Amino acid sequence: MPEIFPRMRRLFTSGFSYVIFLMAQIYAMVRLIPANHPYLLEENIGRFGFKDVVATAANNLVIEKKNIDQIIVFGLMLSAIVLLLLQIVILIGSLIFGGVAMAGGGGGIVVSELFVTANPEHDIAYMLMDRVFGIPDMFGSCISVGVACVDSAGNNYDTGAFPWSFHAALQQFFRFYSTAMLIIGTIIVCYYIVVIVAETATTGTPFGKRFQNVWVPVRLIVAVGMLIPLQYGYNAGQYIAFHAAKYGSSMATYSWRSFNDAVGSSLGDGANPLGEAENLLGKPQTPDVSGIVEALSIAHTCAYSNWFNDYSAIGIANKNAVGANVLGNRAAYLQRSKIKPYLTKTPEAWMGGGNEPGVMLLDAGTTYNQAKNFFYGGDIVITFGRVVDEKEGTAVNDLYASDIIPECGKVAVFITDPADSGGGNIYSGSADIQDFYYNTITNGWFGDENIDYINFAQHMVQENSTAGDVCALPAGGGLRDCADGAGTTIQVQWRQERITDLTVELETAISDIWDVYRTETEPFAITDEVLNRGWGGAGIWFNSVASINGKWMSSVANLPVIISMPQVLEEIRNARSSRSKQVNGYQAYNPETMPGDADDFAATLNSIISDYTTAPTILYKTLVYWRAGKKNFNDNGRDSNMGPILTAIHLIFGTGGLFSMRSDDNLTVHPLAQLASLGRSLVDASIRNIAISSGSAALGGLMSAFPGAISERAQAVGSMAASISYIALTAGLILYYVLPFMPFLYFFFAVASWIKTIFEAMVGVPLWALAHLRIDGDGLPGDSAQNGYFLILEIFLRPILTVAGLLAAMVIFTAQVRILSLVWGLVVQNSGGFDMGGMATGAASVDVGFLRNMIDQFFFTISYTIVVYMMATASFKLIDTIPDNILRWAGSNASSFGDINHDPTGELTRYAALGGMTVIREASEGVTKFSGGIAGSAGRFLGGGR
C-alpha cells in the first residue's frame, strides 16, 4: 500500500494540529508571534509543527525587564511541553517494563498489576464470563482451566470438559450472525461506491464533497475488520468488548483489594470493608430470667417434697427437724436425695457414638463443654429424676435413658452455637453465654445459690403439710417468720429478689462477654477466600454481620426453660386434657377435683397421685405462686401484668430486641448489625410463639401469662397472638434475612447486569461496525458510531463503578443512621411533649401524665426501625444507580441494558413482605388446625368417645 507510513503519521499526529494552533494563539497574546502571522490562520492548521511555533516565539523573545510577561509565558509553555513529553515517556515505559508504582494516600499502586487479576481461577466475574461465552484461554477461571471449583464448604465442583456443547452452538450462532452482518456491510460499501461516483460526476470534486480523505478508508478497514469472524466464532469487535470486560474486571478487582489492604493497614488482621473494629456486634437487652428462677424453684420443691415424704430412708424420725438438718448440711441432703440431675440420651447409629453411655450423672464439676458434647453439640436437656427401683445401685455407665424417671421435670439449655466456650475460641461469644445459662442451672442445684431455693422448697413443703413446723426454718426475704402469723405464706418478695439477683448476674455476664466478643475483630475480618472471588464477590462479606449478630442474639434470648413439668403434674394434665378442653394454664395441673369434672375423675386423680412420693398439691401450689399472682415490676415501678394486648406485644414481638436498638450501648453499633439483631429477635420470638399458639400443651405455657384463662379466652388470645406473630415474623424475615442480604443481592444483580451488557454488546457490535460505514462526519466514529465507543467504555468502567456504588451505599447509610440516632430523642420529645431530662432534674413544669408508657415506646421504636430500613433500601440502590448514570458526566446519553433494568432486589423485599405474610399465615393456620384435630381425636379416644 503506497505511502503507508505518511498516512499512519497523519492518522496519529493530525489531532495535535489544533494543540499547536492553540499554542500559536497564546504566544500571539504576548506579542511573541506577530499579528497576521501565517501560523495564526485557520487554513494553515496542520502545515506547521511544535518546532516551528516554538522557534518563531524564541526568535522574537528579548530578555529584558520590560518583557517579563513574555518571558513567563514562554517559560511556562516550554515547561508544559517538557512535562507532557515526560508523562508520555513514563506511561510507555510503565506499560512496557512494568513495576512502576504511583504513590497514593493508602499505599503504592503498581501500574503493571492494574489489569491483571491475582487469582483468576476463583474470580466470580471470570467464572461467569467463562460459563456464558465459553472462550478457552481467555479469562482463565476454574471453569476453563481444569482447576476444581471450590464452594464455601470446601467441596470440589467438577464442571466437565470445556467449552460445553452449548458454547459450541452459541459460537456457531455468532459466527453466522457476524457473517450475515459482513454481507450487509459489503452491500453498504457497494452502495457508497455508487454514491461517490455519482457525486464526483455531479459536483466535479474527486470522491465528492462529503468524502474525508483520511477517515473514510480507515472506517472501511475498521468496519470490515470488526465483522470478520475470528477464533471460536466471535469477530474482532466482539473480542474488543471481551478485552474491555476483562481489563475492566481486573481493574475493579485491584481497586477492591487495594481498598481492603488500606483498611487492613489501620485495623490489622481484623480488617473488614466497613472499616470498624469494635462496632459490629449489637448488645441485647437482658431477657426476663423469671423462667429460670421458676424452673429451679419447682425442681427443688419437687426434690425436697420427694425427700420429705421419704424421710425414713435417711434415718430422720422427726420431720420437724428436717429444716435445720437440710440447710445445715446441704451437701449431705443432695447426696442422699433420690432426685438428681441427669443427662440422658438414646444414641443412634448415625450419631457415631458407638457404645457411649446413655446416661450421665451431673455433679458440680461437670462442665458446659462436657454436657454439650454428651449431646453431640445439641441442646442440653437436664432431667431432674431418679433411677427406677429395680436399677438402684447400678453404675451410671450401665444405665439407659429409660432407666431414669423424670420425676421432677426437665430443663433445656438451648445450643445456638455448637462451638466450645472459652479456650480462646474467637467465635465463643455465643457459646460463652450458653455456658453461663448452663452454669446458672447447675449452680442453682449444687452451688451456693441453692440455699435460697432449698429454703424456699422447705417453706413451701412444710406450709402445705400437716407435720411441718415452718417456724423452725430460716425466714426473711418474703419467707414466713413466726411473727407473721400462721396464715402467712411465701410472699412475692422472695421471687422478686431472686429474679433481681439473677438479672444483675446476667447483665454483668452479657456486658463482659460482649466487651470481649466485640473487640475480637477476627470473626468479622474479610478472608482471602472472599477476596479471591474478585470484585464480583465484594458483596459476600456483608452477610457475615447478620450471621454473627443473629447467632449472638439468639444465644442470649434462648433462656433455659422447663420442657417437662414434674411427672405427676404431667400425668394430671394429660388426664384433664383428655376429659375437658375448658381448663388451660396452670389450672390444667390442679390435682383436685374442679367444677365440671366427671364424678369418677377424683378416682382417676387419686390413682395417679398414689404412684408418686412427691406431693402434687405442693407442686401445684408452687405453680400457683408463680403464675396466679402479680408478675415482675419494670423500671418505672409499674406492674408488668399489663393485660392481654400489651402482654401479647411483649411476648410475640420480642420487645427486648426491639428496644435494644435505642439503648446507649447500641448507639455506636453499626446500623446493619442493629437491624440484623432486631430481625433475629423478632424471628425467634415469632417462631416460638406461633409454635406455642399451635398446640394445646404449648398453649398452656402461653396462657401462663394470662392468669386464670379459660378455654374461650385462651383461644381468643391465642388467635390474636398468632395474628400478631405473622406481622412480627414477616418483619423479622425482612430485617434479618433480606436487609443484610441486600448488599450481596444488589451487587450480584449488578454483576449480572454487567454480564447482560456484555451479551448485548455481542449482538450490538456488528451493528456498531456497520455504523462506521459513513463517508461524512469527523473522526473515526463519525456521527453514527460514537455511542458504541461509550458503550465499550461502559463495559470497561461498570465493574469499578459498581464497587464505588457499594462503598458509597455503606458509608452513606452508616452516616445517616448515626446522625438519626443523635436527633431521634429530640424528635420523639417534640412529638410526645415530655422531657425526660426535666424529670431527672426535678423540674416543676414537667407533666408526668405525658410520660411514654410501653405502648408508646413500642410504636416510636417501630417508627425508628422503619425509617432506618427505608434509609438502607435507598442507599443500597446506589450500587445500581452510580454505574447506570455516571457516563452522563462524559457527555454520553447512550443507554445500555443495565440502565433500563428494573430493581429485582426491591421487588424481592416486596415479595418477601406480601408473600411472607400469606404463606406464614396459611402455614401457621394449617399447623394450628392439625394440632387441634390431633388433640381432639386423642381426647375423644381417651375419654371413651365423649
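Which residue in strand 10 is the bridge partner of alanine 412? The legends below return to this pairing after an overview of the predicted model.

**Figure 1. Overview of the predicted protein chain.** The protein chain comprises 946 residues, of which 46% are buried, and its secondary structure consists of 31 helices and 10 strands. When contacts between residues at least 6 apart in sequence are considered, 74% of them join residues that are at least 24 apart. The pLDDT averages 75 over the chain, with 70% of the residues scoring at least 70. Residues 98-106 stay under a pLDDT of 50, and the model has 14 contacts for them beyond four places in sequence. A further stretch, residues 911-920, also has a pLDDT below 50, with 18 contacts in the model beyond near neighbours in sequence. Where pLDDT is low, the predicted coordinates should not be read in detail.

**Figure 2. Close-up of strand 9 and its pairing with strands 7 and 10.** Strand 10, residues 561-564, runs antiparallel to strand 9 and is joined to strand 9 by three bridges; within this pairing, alanine 412 has valine 561 of strand 10 as its bridge partner. Strand 9, which spans residues 410-413, is also joined to strand 7 by four bridges, again in an antiparallel arrangement. In that pairing, isoleucine 382 is matched with valine 411 of strand 9.

**Figure 3. Close-up of strand 5 and its pairing with strands 6 and 7.** All five of the five residues in strand 5, residues 340-344, are buried, so this strand is largely enclosed by the rest of the structure. In a regular strand the side chains alternate between the two faces of the sheet. Here both faces of strand 5 are covered, with Lys340, Tyr342 and Thr344 buried on one side, and Pro341 and Leu343 buried on the other. Four bridges connect strand 5 to strand 7, and these two strands run antiparallel; lysine 340 has glycine 385 as its bridge partner in strand 7. Strand 5 is also joined by three bridges to strand 6, residues 359-361, and this pair is likewise antiparallel, with tyrosine 342 standing opposite leucine 361 of strand 6.

**Figure 4. Close-up of arginine 386 in strand 7.** Arginine 386 lies in strand 7, which covers residues 380-387. Its relative accessibility is 14%, and arginine 386 therefore counts as buried, the cut-off being under 20%. The side chain of arginine 386 makes a polar contact, at 3.2 Å, with the side chain of aspartate 389. Leaving aside residues up to four places away in sequence, arginine 386 touches Lys338, Ile339 and Tyr342, and also Asp403, Ile404, Ile405 and Glu407. Tyr342, one of these contacts, is also among the buried residues of strand 5.

**Figure 5. Close-up of the kink in helix 26.** Helix 26 is made up of 30 residues, 742-771, and reaches 40 Å from its first C-alpha to its last, which is close to the 44 Å expected at 1.5 Å a residue. A kink of about 45° is found at glycine 764 in this helix, shortly before proline 766.

**Figure 6. Close-up of valine 218 and histidine 772.** Valine 218 belongs to helix 7, residues 215-227. With a relative accessibility of 21%, valine 218 counts as partly exposed, because that class lies between the 20% limit for buried and the 50% limit for exposed residues. Although valine 218 and histidine 772 are 554 residues apart in sequence, their C-alpha atoms are 9.3 Å apart in space.

Note on methods. Residues numbered from 1 in each chain as written. Predicted model: local features only at pLDDT ≥ 70, side-chain atom pairs only at ≥ 80, totals over all residues. Heavy atoms only, no water. pLDDT = per-residue confidence, 0-100. Contact = heavy atoms within 4.5 Å. Buried < 20%, exposed > 50% of the residue type's maximum accessible area, 1.4 Å probe, protein only. Polar contact = N/O pair within 3.5 Å; in protein donor to acceptor, adjacent residues only side chain to side chain. Pairing = 2+ DSSP bridges. Expected span 1.5 Å × (residues − 1). Bend = angle between axes of the 7 residues up to and from the residue.
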